[in-house]
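Subject: Structure handover and findings

Dear colleague,

Please find below the structure that I am handing over to you. My findings follow it.

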Amino acid sequence: MPKKKKLPLVAICGRPNVGKSTLFNRLIGKARAIVHDEVGITRDRYYGEAKWDEYHVRMVDTGGMVDEAPDAITRAMQEQVYLALKEAQVVLFVLDSQQPLTKLDYDARDIVLKSGKPVVLAANKLDNAKLRENVYEFYELGLGEPIPVSSGHNLGFDALREALEAHLPKPEP
Ligand code: GDP
Ligand code: MG
């Protein structure tokens with residue numbers, strides 16, 4: 001039997017509470033990741049698969065990437081993030097458009113840049129057009145153009161998938 005080809009991996013990264021798990025659930029179309037108001041609730045790597053058009057990818061929802069005061073558990077989680085980044089074809093970096101950039105956004109950005117992987121930037125929580133002007137600040141990160149999305153309201157996902165496609169291997173017809 002031919003060996004099953006491993007699907008390309010998309011790593012969803014960003015500081016706590018920007019909506020990574022909500023976005024992950026939208027992309028995989030299931031409520032599998034744990035979404036919570038409490039900062040740092042995602043205690044592990046979570047994998048799922050997403051299919052759209054001819055594309056079929058694995059997604060990992062990373063938690064605990066950065067922390068104000070990392071304890072032993074957090075450090076163990078950070079190790080998992082590095083493993084995910086090493087394996088990933090593309091990083092989906094998530095920001096909260098309803099908040100100004102924080103030190104933790106920059107810390108997470110630095111980790112992602114060190115991986116050398118291509119990055120797609122998602123400006124999440126852009127629930128309405130009024131929030132659009134908030135995203136200009138995000139160019140400061142040097143990660144390229146932010147793509148406005150609302151994981152809560154399922155907005156902007158066509159453009160987001162298209163941006164991811166540019167970094168994924170062409171699917172076989
Ligand atoms: P994570 O820590 O980055 O995984 O963030 P979560 O997915 O757990 O979400 C953190 C909080 O942001 C939760 O209360 C979500 O309901 C909320 N949230 C996520 N996406 C959106 C969005 O697009 N709009 C708004 N208004 N809230 C969102
Ligand atoms: Mg989470």
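Is Asp105 buried or exposed? Before the answer, please note that this is a predicted model. Asp105 is buried, and its relative accessible area is 2%.

**Surroundings of Asp105**

Asp105 belongs to helix α3, which covers residues 103–115. The side chain of Asp105 is joined to that of Arg15 by a polar contact of 3.2 Å. In addition, a polar atom of the Asp105 side chain lies 2.9 Å from the backbone nitrogen of Thr102. Once neighbours within four places in sequence are set aside, the residues in contact with Asp105 are Arg15, Val18, Phe93, Leu95 and Pro100.

**Overall architecture**

The protein has 173 residues, of which 46% count as buried. Its 4 helices and 6 strands follow one another along the sequence in the pattern β-α-β-β-α-β-α-β-β-α. Of the contacts between residues at least 6 apart in sequence, 68% join residues that are at least 24 apart.

The 6 strands make up an open sheet with mixed pairing, and their order is β2-β3-β1-β4-β5-β6. Strands β2 (46–52) and β6 (146–148) are at the edges and have a single partner strand each, so one side of each has no neighbour in the sheet. On average, and with direction ignored, neighbouring strands of this sheet are turned by 30° against each other. Helix α2, residues 72–87, packs on the sheet and touches β1, β2, β3 (55–61) and β4. The direction of α2 makes an angle of about 140° with that of β1.

**Strand β1**

Strand β1 (residues 9–13) pairs with strand β4 (residues 90–96) in the parallel sense, over 4 bridges. The pairing of β1 with β3 is also parallel and over 4 bridges. Val10 has a bridge partner in each of these strands: Val90 in β4 and Met59 in β3. For Cys13, the bridge partner in β4 is Phe93, a residue that is also in contact with Asp105.

How many of the residues of β1 are buried? The count is 5 of the 5, so the strand is largely enclosed by the rest of the structure. In a regular strand the side chains alternate between the two faces of the sheet. In β1, Leu9, Ala11 and Cys13 are buried on one side, while Val10 and Ile12 are buried on the other, and both faces are thus covered.

**Charged residues**

Side chains of opposite charge can pair when their charged atoms come close. The whole structure contains 7 salt bridges. The following deserve mention.

- Asp96 and Lys125 form a salt bridge through their side chains, at 3.2 Å from N to O. Because Asp96 is in strand β4 and Lys125 is in the loop between β5 (119–124) and β6, this pair ties together parts that are 29 residues apart in sequence. Asp96 is buried at a relative accessible area of 7%, whereas Lys125 is partly exposed at 24%.
- Arg109 and Asp110 form a salt bridge whose closest N and O atoms are 2.9 Å apart. Arg109 is buried, with a relative accessible area of 14%, and Asp110 is partly exposed, with a relative accessibility of 34%.
- Asp158 and Arg161 form a salt bridge of 3.7 Å, N to O. Both lie in helix α4 (residues 157–165), and because they are 3 residues apart, about one helical turn separates them. Asp158 counts as exposed at 63% relative accessibility, while Arg161 is buried at 18% relative accessible area.
- Lys6, Arg58 and Glu87 are joined into one network by salt bridges that share partners.

What is the nearest side chain of opposite charge to Asp61, a buried residue without a salt bridge? It is Lys20, at 5.7 Å. A salt bridge requires the side-chain nitrogen to be within 4 Å of a carboxyl oxygen, so that distance does not qualify. Asp61 is located in strand β3, and its side chain makes a polar contact of 2.7 Å with the side chain of Ser21.

**In brief**

Two buried acidic residues have been described with their polar contacts: Asp105, whose side chain meets that of Arg15, and Asp61, whose side chain meets that of Ser21.

With kind regards

Conventions:
Residues numbered from 1 in each chain as written. Chains lettered and ligands numbered in written order. Predicted model: local features only at pLDDT ≥ 70, side-chain atom pairs only at ≥ 80, totals over all residues. Heavy atoms only, no water. Pairing = 2+ DSSP bridges. Helix = DSSP H or I, 4+ residues; strand = E, 2+ residues; numbered from the N terminus. Axes fitted to C-alpha atoms, helices over the stretch in contact; angles between N-to-C directions. Contact = heavy atoms within 4.5 Å. Buried < 20%, exposed > 50% of the residue type's maximum accessible area, 1.4 Å probe, protein only. Lys, Arg positive; Asp, Glu negative; His and termini not counted. Polar contact = N/O pair within 3.5 Å; in protein donor to acceptor, adjacent residues only side chain to side chain.
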